[in-house]
Every structure is written in structure tokens, then in C-alpha cells.
Amino acid sequence: MYHTGSFIRGESLIYDLDPRVKLVAAFVFSIFILWIKPAVALVSGIALLLAALAGGLSLRVIGQSIKPFWFFIALIFIVHVFFSENQGQGAAATTFLSLSFSRTGFQEGFWVIWRFFCLVVAAVLLTMTTAPSQLIAAIKYFLKPLRKLRAPVDDLAVMIMLALRLMPILLTEKERIETAQRARGYDLPHSGLVTKIKVFLRSTLKILLGVFRRADEIALAMESRNYRRGERSSLVELKLTSSDYPVIFFLLFFFFIFVAINSHFG
Amino acid sequence: MIILDDVYYKYEPEGIEALRGVSLQIRAGEHLAVIGPNGCGKTTLIRHLNVLLLPLSGTVTVGGLPAHNPKHQAVIRSQVGMVFQNPDHQIVGMTVEEDIAFGPENLCLPTSEIKARVAEALSRVGISGLARRNTENLSGGEKRLVAIAGVLAMRPRFIALDEPTAFLDPAAAQRVVDIIEKLHSEGVGIIHITHNMAEAALAQRVVVMREGRIVLDGRPTEVFARADLLKHMGLQLPQITELLLEMKEAGFPVRTDIVGMRAALEQITALIGRKQD
């Protein structure tokens, strides 16, 4: 089962790219997709989807990565359909249960969720094809100038690493507590709201206590391995290779082409 | 050499006196087992060796460097590696190689050196094939080996292990014991906390702790010869020693200062007057 944002080992041109190139491309694309005209957003999104498929992302994985956002996507769409500011500017509004909606509202809703979908695909493409350590190294690389301002860049990188490491442990802990509760006769799905809230609060408290205890132990273990705040070196060596340059050129070329088309439409 | 001189430590705010005047010398390359009932101060003791704790009174010196001096603490932590009881509390990397690299990264070593040390540590504990595996998907035994490799990557002169075989199945536990023996044969000093007396019997020296004090210190044969005291403390003897004691009680003329399987076998076969080919 794929969890949104997890890294999946694989092989493709996108996997081999320098993480800095991928990070910048994802960042620029995310701004670009929110800024450009709808028609250009459609073409850019299709281009991204094709790149994602070529890069090893299957439609199933894309579907799974979007799954946690369905409710959010539906809400955005409904809000645009019924409460669009431009209601009535396009085709005549239709009234349903005293709420009016129009084609303009539908169109706006569609473009917003399309852009949102493109953002998720770009993020998934980045995180699925880049090992966390590579991603952290890339973030650290771009934040390096902040060291001069005494920003704790290396500490931030360690914090991200620990957060990624602890996330599955927390989920396991949650499952363990839920199983223990079921084993002792809790029938959550069929219990009342008050019981559900009580059980939720009790579980959350237990998980939080466990997290603090574990955080203490991990801090001690890190200290025992000579961890101190400040500069650290890294196992990951970032080096642009010959396969990165054509991709950088290709991305820049398409970026300027799309900017030009976008200006033309404006 | 590690020297503890009259070390006293109390946990606050509980006020639990964990170490009460502990003095101990551990030679380079020595294999020392620390045994004792729960709460006797074993873990507190080894946490002093890695400067995770500093004595409230008394001194700890590692390789001539006093642990109290903050300037020496990084060097001491590199010299005395620490393997925690629960590897899940020690492993910080997403993948095995990332976790093993954590220590060398903290030493600010160049990437090429970190890679060399990771490869070396993996090979020393025999898990080179796990380098790219996600640490979350490892078995309990594999996690222990990763924790040991993570410490070895710092190239320590001593390794302190806190119950490294706890909660492992016999095969995984034996694998960890074999690695410990191998590291000792390579010259790494071992400080091994254990409740398993057969493991303690493999050490060159056994220290028995009780209520924050060292009550026995000697070769395994000397320590396990004090069966009454150990049993009074709620500790078990190695099964071999137990067997020989039972035989002696039953009237057989056997020596009871034996902890090894081979020596015990020789005793018993000599007694029954025949040897198997």
C-alpha cells in the first residue's frame, strides 16, 4: 500500500536526477501552475502527468496519493460551484434548493481542483522518486547560505530526518493501542459519541506520553553518538552529473515556452 | 583504560541512589560482563562510560581523559560506543546505511570517509546486504546488529552493550553473541550487561552489582563459585554450573567452578569412565 509522500525505490531518469534539480523544478512548477492561465495550466498539467508516468509513477499510485484529499477537493469544487464571485457573468445561473450555480462556477471549480491535482502530482513525483536523505541533503544545500545568519540549518535537517523516522513508529503505536483497546472489549464503531471522544482522548494522551518518552531516549542515543547542535557532514554527496544538464536545459526551455504562451493568452 | 573512582550518582527528583561509590578499572580489549538484579545500577554505570551521565561525586577517566572536562566528552564518546537496550530508541536513520552514517556525520568526516566507515561497519557485523533496507522493516535481531554497526562506525575502543540479546529468539541472540565475541577477538573492549548467565560466562571478567554497589568482581569461575550469594540476590547460575552443583549435592565428586560446556563435559565423561569418539 502506497502512502502519500513515501519514497518507492525504482529506476528511471527522474530517479537518477540530482535532488536539487527535482526540488527546484517542483517548487517552480508549484508557483507556475497557480499563476498561469487555465488553458496553459491544462497543457502544463498534462505534460507533468506524462513526465510522472514516464518517471515510474503509475495511475494507481496517483489515485492513491490523491485519495486522502478527496474530501478537500470535493469541498473546494462545491464552494466554487455555489459561491463563485463571478456567478451569473457566464451562462444563466440555475437555482437548486435556493442555491444558484452556473457554468462559470463549474469552470472555476474545475480549474481550481485541476491546479490542486497538479500540485499533488508534482509533490508525489518529487517524494516518490527521491530518497528522504537525498531530499534532506537538497534542502540543506539551499538553506546553506542561512548558516551565515546563524540559522540552525543542520539541526533543521536532523529534525526533518527524525520526523520522517518517527512517523511510522507513531502510526504503529496508534495501531497497537487500538488493538489493545479492542482486545479489552472496546467496540468503538458501535459506541456512542461520548465514549468515542473519551477513547480518542485517552489514546491520544497515551501516544503523546509514548512520544515524549521515546523522544527522550532518542535524544540520549543521539548524544551518545556524538550529536551536537551545529555543523555536520553528510553521507549524501550532491553532484550534478551529465544526465542532469540536458534535463535542466529541457525544463528551462519549456518553462520559457509556457511563460511566453501564457503572456500571449493574457 | 577506563577508570571509575568512587562514583556516586542519584536520580533526581526521585532521589534514587543508582551508584554508591563504584570503583572499577576496565583494561583495553577486556571483555567484561555486568550482571545484577533489575534496578541495581548496571545501566547507570555504563551511561557514565559514554558521558551520558556525569558522576555527582567521584571521577570517570577514559584513556586518561577526565569525563568531567567538556572538552574531552566528544573524544570519550568516540572511544566508548554505547548500544542501547531497545534498538528502536537508538536507530535514527530511515535506511540502514543512513543510520550507520549518523555517528561519522556528527564527527564531520568527509563523505568518502563516511562511506568507507559505513561499508566497514556493515561488513564487521555481517549485514552488508541490508545497507539500503528501510530500518522500519528489519527484524529485532537485524535492528540490534544495525545498532552495533552504528556504534562501530565511530571506531570505538570499547563498546558498552545494554542487554543486547533481550527479547531475541535463540538464533538471533546467538548471532549477536557471536558478533560480540568476534569484536572482542579484534581487540575491541566489551562491557556487556546481561541477565543471561551463559553469556556472562563467556566474558573474561564478571562484575556483580547490587543496590548501586559492586559486590563481586572476578573471573566467571570465581564469581559463579559464589552460588549462595548469587541465589540470595535472585540471580541464576549458568546451567552448566547448576548441573554440576546438583551432581555434587547428589554425592558425585565433581568440581563446581566450571562454567564452560567443554570443561563440564570432560568432568562428566571422566566420572562415568568413558568417552565418546
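In this predicted model, strands β9(B) and β10(B) make a hairpin with just 2 residues between them, and one turn residue, E211(B), has a positive phi of about 50 degrees. The two arms of the hairpin, β9 (residues 205–210) and β10 (residues 213–218) of chain B, run antiparallel and are joined by 5 bridges. Right by the turn, R210(B) stands opposite R213(B) in β10(B).

Zooming out, the hairpin belongs to an open sheet of 6 strands in chain B, with the order β6-β7-β8-β3-β9-β10 and mixed pairing. The edges are taken by β6 (80–83) and β10 of chain B, each of which pairs on one side only. From one strand to its neighbour, the direction being ignored, the turn is 20 degrees on average. Not every pair in this sheet looks like the hairpin: β7 (residues 158–162) and β8 (residues 189–193) of chain B run parallel, again with 5 bridges. In that pair, A160(B) sits opposite I191(B) of β8(B).

Helices pack on this sheet too. Helix α5 (residues 140–152) of chain B touches β6 and β7 of chain B, and its direction makes about 165 degrees with that of β6(B). Helix α6 (residues 170–185) of chain B reaches β3 (31–35), β7 and β8 of chain B, at about 150 degrees to the direction of β8(B).

Chain B has another open sheet, this one of 4 strands, in the order β2-β1-β4-β5 and with antiparallel pairing. Here the edge strands are β2 (16–26) and β5 (65–66) of chain B, each with a partner on one side only. Strand β4 (residues 57–62) of chain B pairs with β5(B) over 2 bridges, and V62(B) faces L65(B) of β5(B) across that pairing. As a general point, strands of a sheet are held in pairs by backbone hydrogen bonds, whether parallel or antiparallel.

Two residues of chain B show how differently side chains can be placed. Which helix holds E142(B)? E142(B) is part of helix α5 of chain B. With a relative accessibility of 19%, E142(B) counts as buried, because the cut-off for that label is under 20%. Leaving aside residues up to four places away in sequence, E142(B) touches L130(B) and R133(B). N38(B), on the other hand, is found in the loop between β3 and α1 (42–49) of chain B. Its relative accessibility of 66% means that N38(B) counts as exposed, since the label applies over 50%. Between N38(B) and Q174(B), which are 136 residues apart along the chain, the C-alpha atoms are separated by 23 Å.

Now for chain A. In helix α4 (residues 59–66) of chain A, the buried residues are V61(A), I62(A), Q64(A), S65(A) and I66(A). These buried residues of α4(A) pack against α3, α5 (70–83) and α6 of chain A.

How much space lies in the second largest pocket? That pocket holds about 940 Å³. Its lining is made up of 29 residues, and the closest to the centre are A25(A), L48(A), A51(A), F250(A) and L251(A). Several helices of chain A, namely α1 (13–16), α2 (19–35), α3 (38–54), α6 (103–129) and α10 (244–265), each supply at least two lining residues. Sorted by class, the lining has 25 nonpolar, 3 polar and 1 charged residues.

Conventions:
Residues are numbered from 1 along each chain as its sequence is written. Chains are lettered from A and ligands numbered from 1 in the order in which they are written. This is a predicted model: local features need pLDDT of at least 70, side-chain atom pairs count only at pLDDT 80 or more; totals for chains, interfaces and linings use all residues. Side-chain values use heavy atoms; hydrogens and water are left out. Two strands pair if DSSP finds at least two bridges between them. On a 1 Å grid over the protein atoms alone, a cavity is a set of points where a 1.4 Å probe fits but cannot get out, and a pocket is an open set with protein on both sides within 12 Å along at least five of seven lines; lining residues have an atom within 4 Å of a point. Grid points are joined across faces, edges and corners, and a volume is the space filled by probe spheres set on the points. Ala, Val, Leu, Ile, Met, Phe, Trp, Tyr, Cys and Pro count as nonpolar, Asp, Glu, Lys and Arg as charged, and the others, Gly among them, as polar. Axes are lines fitted to C-alpha atoms, for helices over the stretch in contact, and angles run from 0 to 180 degrees between N-to-C directions. Contact means heavy atoms within 4.5 Å. Buried means under 20% relative accessible area, exposed over 50%, partly exposed in between (1.4 Å probe, protein chains only).
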